[in-house]
Amino acid sequence: MKTIIITGGGSGLGKELALLLAQEDFHIVLAGRHGDKLKAVLEQIEEAGGSASSLLLDVRNPDDIKEKMMVLNKAYDLYGLVNNAGIGIFGPFTESTDKELEDSFKTNVYGPLTMTKALLPYLEKKEEGLILNIISTAGLRGKKNEAVYCAGKFALRGFTESMQKEYAGTGIRFVAAYMGGMNTPFWEGSNHVDPTSFRSPREVAEMIVNELDKEEIIIESKKS
């Protein structure tokens, strides 16, 4: 059974993508920092007849990523990666702290790049694979009170488009998902948007899975 790793798989969009992709006969590795949340999603997948495992992983730790990718490669038929883990830093740029800048880029940029770099050698040997980068529409246009978040997402967009060119004509595909805000706790502590007007993570996940044959998926935030 082919295996897909999903970072931030314990909640929100990561959780919903895991539930849906498990129904497509993939083994899902739920990766994240909160074991209790990962376990809850794992149980949901198994109750629905799917296959999954959980992995405690911090995408900000390159050494942890490399070590655990080797372990996963020995245990599973690695096929795909969903770079979903991310954090939001919102508010006027001048009010952001140095630590917030560092944490944002470590999670939203270095994390996906390091995960991808650790996985690619295994995919290259098999000459097939899928890497889905969850970028958000913050990687398409700048937004007020989201300068730090947008900066990281623009970087991830550039990386994804470059990888699409590097691996064009091979069996390894890179997909960029640009979705607007979703109605999740992601927005807690921020008052510059109204998340109740956004799509649910389930709706966004369904749209992404239905369009995985494309290189670019754009989903605006407003409910249809």
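## Helices α3 and α4

Let's start with a helix pair: the axes of α3 (residues 62–75) and α4 (residues 98–126) come within 9 Å and cross at roughly 25 degrees. An angle under 35 degrees counts as roughly parallel, so that is the label for α3 relative to α4. The crossing of these two helices is right-handed. Keep in mind throughout that this is a predicted model.

Who makes the contact? On the α3 side the residues are P62, I65, M69, M70 and N73. Helix α4 answers with G111, T114, M115, A118, L119, Y122 and K126. Sorted by class, the α3–α4 contact holds eight nonpolar residues, three polar ones and one charged one.

## The sheet

Next comes the sheet, which is open, has seven strands and pairs them in parallel. Reading across, the order is β3-β2-β1-β4-β5-β6-β7. The edge positions go to β3 (51–56) and β7 (216–219); each has a single partner strand, so one side of each has no neighbour in the sheet. Ignoring direction, neighbouring strands are turned by 20 degrees against each other on average.

Two of the pairings can be looked at in detail. Strands β1 (residues 2–7) and β4 (residues 77–83) run parallel and are joined by five bridges. In that pairing, I6 sits opposite V82 of β4. Further along, β5 and β6 also run parallel, with six bridges between them, and L130 faces R173 in β6. As for how covered β6 is, seven of its eight residues are buried, so the rest of the structure largely encloses this strand.

## Helices packed on the sheet

Two helices that pack on this sheet are α1 and α6. Helix α1 (residues 12–22) touches β1, β2 (27–32), β4, β5 (129–134) and β6 (172–179), and its direction makes about 170 degrees with that of β1. Helix α6 (residues 201–210) touches β5, β6 and β7; its direction is at about 155 degrees to that of β7.

Helix α1 is mostly covered, with nine of its 11 residues buried. The buried set runs L13, G14, E16, L17, A18, L19, L20, L21 and A22.

## Where α1 meets α6

These two helices also pack against each other, at an angle of about 50 degrees and with their axes 8 Å apart. That angle makes α1 oblique to α6. The crossing is right-handed, as is the crossing of α3 and α4.

From α1, the contact uses G12, L13, E16, L17, L19, L20 and L21. From α6, the partners are P201, R202, V204, A205, E206, I208 and V209. By class, this contact comes out at 10 nonpolar, one polar and three charged residues. Several of the α1 contact residues turn up on the buried list too, including L13, E16 and L17.

## Two positive phi angles

The loop between β5 and α5 (147–166) is worth a stop if you check backbone torsions. S136 lies in this loop, and its phi is near 85 degrees, a positive value in a residue other than glycine. N145 is found in the loop between β5 and α5 as well, with a phi near 65 degrees, again positive without being a glycine.

How do these residues rate for accessibility: buried or partly exposed? S136 has 5% relative accessibility, and because buried means under 20%, S136 counts as buried. N145 has a relative accessible area of 23%, so N145 is partly exposed.

## Q164 in α5

Last stop: Q164, a residue of helix α5. With a relative accessible area of 15%, Q164 is buried.

What does Q164 touch, leaving aside residues up to four places away in sequence? The contacts are F174, V175, A176 and E215. For a sense of distance, the C-alpha atoms of Q164 and N84 are separated by 18 Å, and the two residues are 80 residues apart along the chain.

Technical notes. Residues are numbered from 1 along each chain as its sequence is written. This is a predicted model: local features need pLDDT of at least 70, side-chain atom pairs count only at pLDDT 80 or more; totals for chains, interfaces and linings use all residues. Side-chain values use heavy atoms; hydrogens and water are left out. Axes are lines fitted to C-alpha atoms, for helices over the stretch in contact, and angles run from 0 to 180 degrees between N-to-C directions. Helices (H or I, at least four residues) and strands (E, at least two) are DSSP runs, numbered from the N terminus. Angles under 35 degrees count as roughly parallel, over 145 as roughly antiparallel, 65 to 115 as roughly perpendicular and the rest as oblique. A crossing is left-handed if the near helix is turned anticlockwise from the far one by less than a right angle, and right-handed if clockwise. Contact means heavy atoms within 4.5 Å. Ala, Val, Leu, Ile, Met, Phe, Trp, Tyr, Cys and Pro count as nonpolar, Asp, Glu, Lys and Arg as charged, and the others, Gly among them, as polar. Two strands pair if DSSP finds at least two bridges between them. Buried means under 20% relative accessible area, exposed over 50%, partly exposed in between (1.4 Å probe, protein chains only).
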